[in-house]
Amino acid sequence: MRHKRDSDRVRVLFLSDHFGYAGGVIHGATRYFLAVLPRLRSHGIDLTIAFLRGDHPASAQLRELGLEPHFFGRAKWSLMPILDVLRTIRRDKIQLIHASGMKGILTARIAGMIASVPVISHLHDQMPFSAALAKLIRWTAGWSTHTLAVSREVALFADKSLRIDPSRTEVLTNGLAADEIRKTPVEAGLKFREQVGVSPDMKLIGVVGRLIPVKGHEILLRAMPAILEKEPSARLLIIGDGPERSQLESRVCELGLSGYVFFTGNVTDVYAALRALDVCAIPSLNEGLPYSLLEALAIGKPVVASAVGGLAEALRHCENGVLVRPNDAQALAQALHSVLTDPLLAETIVHGGSETIRAFDITSHIDRLIIIYGALAAGESVPPRSQDAMIQSRQSVTSSIQPTHNLGRLLSK
């Protein structure tokens with residue numbers, strides 16, 4: 001496409017807390033940055049990219065695409081990023097700030113207020129944060145011109161917990177390039193199995209995410225003995241790394257699961273890891289709209305997930321995934337066993353997932369961001385849009401979930 005002249009391009013500062021975690025650990029937001037930021041630039045946005053913390057190994061992928069991110073390298077509670085952002089606004093003649101991460105949003109709001117630059121607050125989850133930070137976020141709520149939430153549950157969280165005006169909030173689900181993900185060959189999955197020591201004939205359950213309590217890894221471990229009792233060939237692949245790894249490894253030993261559970265550590269090729277699986281588990285206690293869900297649907301893997309947040313909005317029970325009550329190891333075990341051993345059920349939800357993923361097309365996501373940017377840069381209100389037809393309300397989805405003792409009967413139909 002023909003790019004606009006530099007003088008006509010909207011000048012956006014994309015600001016976030018960090019690109020990834022210590023030790024090279026990446027998360028869903030990292031993969032979002034890598035998918036979205038290059039496309040914004042290629043669609044005519046004059047983009048400045050900055051992070052409050054230090055550099056991260058995965059940022060090399062942005063540099064390979066011609067994007068040079070700035071890392072302020074500031075301490076966790078430093079006020080210096082406000083000055084960093086103000087200098088960036090002046091230097092690059094920034095017209096608006098697109099901010100994510102709670103500290104990134106707070107910094108953007110303060111700098112935006114001082115410089116009279118509109119701010120977009122982008123909420124990806126409902127992760128807990130300190131009372132002091134929560135108070136500041138609520139106090140500055142009116143300083144965001146527009147708020148994006150990845151799911152309706154996150155939008156509700158923005159209203160009830162962060163005091164963000166609902167009239168200035170819209171649900172913009174994450175986008176991803178499904179066609180590119182589907183190109184990951186079957187051979188990549190077989191190679192990944194070989195690397196971690198899982199033979200091709202094993203029934204492989206996998207969970208993708210940072211190893212923190214809210215992701216529900218311990219619940220999945222508690223579900224494994226019941227799965228193995230019925231399906232001895234089952235194995236569990238824990239994909240990712242994080243502060244809970246040593247505790248989870250100890251829990252594996254306590255539950256007698258040594259040799260049945262494999263920890264991959266940090267993984268750079270998430271798609272190869274997903275391709276290796278027979279079923280993807282997402283046992284989270286709360287979620288926004290995890291990138292791992294969308295990636296699993298795109299690559300054609302059946303998903304068993306907790307009925308929380310954006311998971312319960314995007315998935316319809318036994319149509320494009322299987323939903324279970326959160327923190328219920330028995331129900332999780334029953335659902336995973338059913339998907340592993342019932343080819344018709346697995347095929348049904350994989351087909352439903354392939355239809356669902358169309359609603360998360362990255363082109364539509366980028367197009368909407370560009371519309372928002374253009375309106376705010378011109379000092380206009382953001383034009384409304386119709387709701388995504390394929391995203392179901394949390395209430396309607398969770399009403400279809402059966403009590404735990406009926407789940408097996410429902411899945412056997």
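This presentation covers a parallel sheet, its edge strand S10, a pocket and two loop residues.

The model is predicted, so local features need pLDDT of at least 70 and side-chain atom pairs count only at pLDDT 80 or more, while totals for chains, interfaces and linings use all residues. Residues are numbered from 1 along each chain as its sequence is written, and side-chain values use heavy atoms, with hydrogens and water left out.

I begin with the sheet. Six strands form an open sheet in the order S10-S9-S8-S11-S12-S13, with parallel pairing. Strands (E, at least two residues) and helices (H or I, at least four) are DSSP runs numbered from the N terminus, and two strands pair if DSSP finds at least two bridges between them. S10 and strand S13 (322-324) stand at the edges with a single partner strand each, so one side of each lacks a neighbour in the sheet.

Let me turn to S10 itself. Is this edge strand buried or exposed? Five of the five residues of S10 (residues 261-265) are buried, so the strand is largely enclosed by the rest of the structure. Here, buried means under 20% relative accessible area, exposed over 50%, and partly exposed in between, with a 1.4 Å probe and protein chains only. In a regular strand, side chains alternate between the two faces of the sheet. Both faces of S10 are covered: Val261, Phe263 and Gly265 are buried on one side, Phe262 and Thr264 on the other.

The partner of S10 is strand S9 (residues 234-239), which pairs with S10 in the parallel sense over four bridges. Leucine 236 has valine 261 as its bridge partner in S10, and leucine 237 stands opposite phenylalanine 262. From S9 the chain crosses through helix H10 (residues 245-254) to S10, a right-handed β-α-β crossover; right-handed means that, with the strands pointing away from the viewer, the path from the first strand over the helix to the second runs clockwise.

Finally, I come to two loop residues. Lysine 93, in the loop between helix H3 (80-92) and strand S4 (96-100), has a positive phi of about 50° although it is not a glycine. Lysine 93 is exposed, with a relative accessible area of 56%. Arginine 163, in the loop between helix H6 (152-160) and strand S7 (169-171), also is not a glycine and has a positive phi, near 60°.One remark remains, on the second largest pocket: helix H1 gives the most to its lining, with five residues.
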